[in-house]
Amino acid sequence: MAPSQSNPSGPASAIQTPDQLPHLLDGDLQDYSFPRGRLRQYMHDPSKTPLLLVACGSFSPITYLHLRMFEMAADYAKYNTDFEVVGGYLSPVSDAYRKAGLASADHRVAMTRIATEKSSKWLDVDPWEAVQKEYQPTAVVLDHFEHEINVVQRGIASGDGERKPIRIVLLAGADLIQTMSTPGVWSQEDLNHILGKYGVFIVERTGTDVDDALAALTTWRQNIWVIQQLIQNDVSSTKVRLFLKREMSVRYLVPAPVINYIEEHGLYEDDGASSSVHEKDKENKGKTPAGSPSSG
């Protein structure tokens, strides 16, 4: 169940194509402003802790499972915790990540916006991470949200004349927690920062042993919430790209407007690192450090 809106607003932003997003093409943050149009401004229950869900990832392309994860997390928070979900954001990784099959940032931001604009009243897309010239670790991205939400905005009105800080929590698939439990993949500093300061909502995925992963992360267990998929969904961006390369249908795996966008721009016609007709030169933009985006 999606969080209800106390003061519904219109779409967070009009859908823009890559040529309408010049600041995304050159990494210029001068025109950047944090999207607040869908972030709830008032709490319904002041006794609860306001919660903001943030999903970092490639989203190349965004799938229905990416969107569904937010709904599952909102339901879990409502029925199993003392949190009150007040917003959700998708944060596409920058081109500097240089992952195989990664369409350029301008396309991925446009696709995530297309996927959320009319399908959700509470999900939004923050392009801050995507416009960075260098790869930004997940811990830094969460710090960005903390600053925008709790420093700039000063949290949320609790309804009793006070303002409360909003708890920022990472939302990810179970594959993330598996990498976090694997020695050498994530730095200890990042694990302490992400799991100690923020925490993570993990959505179980087929074929991932969450229990074994959690056993290696007992230090932060109180900040890890595991959400069971009551209806199994195993779709992934990797599988979608493979289908597209083989000219197979991805309808009902990916939102229809996103499919139209992919076809219009000729994305994912090969399995190179960039399938974009607006592709930029990514040389010397940095290498992938330990720790990876949490959604593919």
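## Exercises around helix H4 and strand E1

E1 is well tucked away, with eight of its nine residues buried. Keep in mind that you're working with a predicted model.

**Exercise 1. Find the partner of E1: which strand does E1 pair with, and is the pairing parallel or antiparallel?**

Step 1. Look along E1, residues 49–57, for its bridges. They lead to E2, and there are nine of them.

Step 2. Check the sense of the pairing: E1 and E2 run parallel.

Step 3. Pin down one pair as a check. Start at alanine 55, and the bridge takes you to leucine 90 in E2.

**Exercise 2. Work out how H4 is covered: which elements lie over its buried residues?**

Step 1. Get the helix in view. H4 covers residues 138–152, which makes 15 residues. From first C-alpha to last it reaches 20 Å, close to the expected 21 Å.

Step 2. Mark the buried positions. Early in the helix you'll find Thr138, Ala139, Val141 and Leu142 among them. Further along, the buried set also includes His144, Phe145, Glu148, Ile149 and Asn150.

Step 3. Ask what sits on top. The cover includes three strands, E1, E2 and E6 (167–173), plus helix H6 (188–198). So E1 turns up again here, as part of what covers H4.

Step 4. Step off the end of the helix. Just after H4, arginine 154 has a positive phi of about 60°.

**Exercise 3. Describe the packing of H4 against H6: at roughly what angle do their axes cross?**

Step 1. Take the axes. They come within 9 Å of each other and cross at roughly 35°.

Step 2. Assign the hand: the crossing is left-handed.

Step 3. List who meets whom. H4 brings Thr138, Ala139, Leu142, Asp143 and Glu146. H6 answers with Asp190, His193, Ile194, Lys197 and Tyr198.

Step 4. Sort that contact by class. You get four nonpolar, two polar and four charged residues.

**Exercise 4. Inspect the loop between E1 and H2: what is unusual about the backbone at phenylalanine 59?**

Step 1. Recall the usual picture: most residues other than glycine have a negative phi, and most peptide bonds are trans.

Step 2. Now look at phenylalanine 59, in the loop between E1 and H2. Its phi is positive, about 50°, although the residue isn't a glycine.

Step 3. Check its exposure. Phenylalanine 59 counts as buried because its relative accessibility is 1%, and the cut-off is under 20%.

Step 4. Move on to proline 61, in that loop between E1 and helix H2 (64–80). The peptide bond from serine 60 to proline 61 is cis, with omega near 0°.

**Exercise 5. Compare two loop residues: is each of serine 236 and glutamate 247 buried or exposed?**

Step 1. Place serine 236 in the loop between strand E8 (224–227) and helix H8 (237–245). It has 16% relative accessibility, so it counts as buried.

Step 2. See what serine 236 touches. Leaving aside neighbours within four places in sequence, its contacts are Thr63 and Arg205.

Step 3. Place glutamate 247 in the loop between H8 and helix H9 (256–265). At 76% relative accessibility, glutamate 247 counts as exposed, because exposed means over 50%.

Step 4. Note the backbone at glutamate 247 too: its phi is near 60°, a positive value in a residue other than glycine.

**Exercise 6. Zoom out: how many helices and strands does the protein chain have?**

Step 1. Count the elements: nine helices and eight strands.

Step 2. Look at burial across the chain. Of its 296 residues, 55% count as buried.

Step 3. Finish with contacts between residues at least 6 apart in sequence: 81% of these join residues at least 24 apart.

Technical notes: Residues are numbered from 1 along each chain as its sequence is written. This is a predicted model: local features need pLDDT of at least 70, side-chain atom pairs count only at pLDDT 80 or more; totals for chains, interfaces and linings use all residues. Side-chain values use heavy atoms; hydrogens and water are left out. Helices (H or I, at least four residues) and strands (E, at least two) are DSSP runs, numbered from the N terminus. The expected span of a helix is 1.5 Å times one less than its number of residues. Buried means under 20% relative accessible area, exposed over 50%, partly exposed in between (1.4 Å probe, protein chains only). Contact means heavy atoms within 4.5 Å. Axes are lines fitted to C-alpha atoms, for helices over the stretch in contact, and angles run from 0 to 180 degrees between N-to-C directions. A crossing is left-handed if the near helix is turned anticlockwise from the far one by less than a right angle, and right-handed if clockwise. Ala, Val, Leu, Ile, Met, Phe, Trp, Tyr, Cys and Pro count as nonpolar, Asp, Glu, Lys and Arg as charged, and the others, Gly among them, as polar. Two strands pair if DSSP finds at least two bridges between them.
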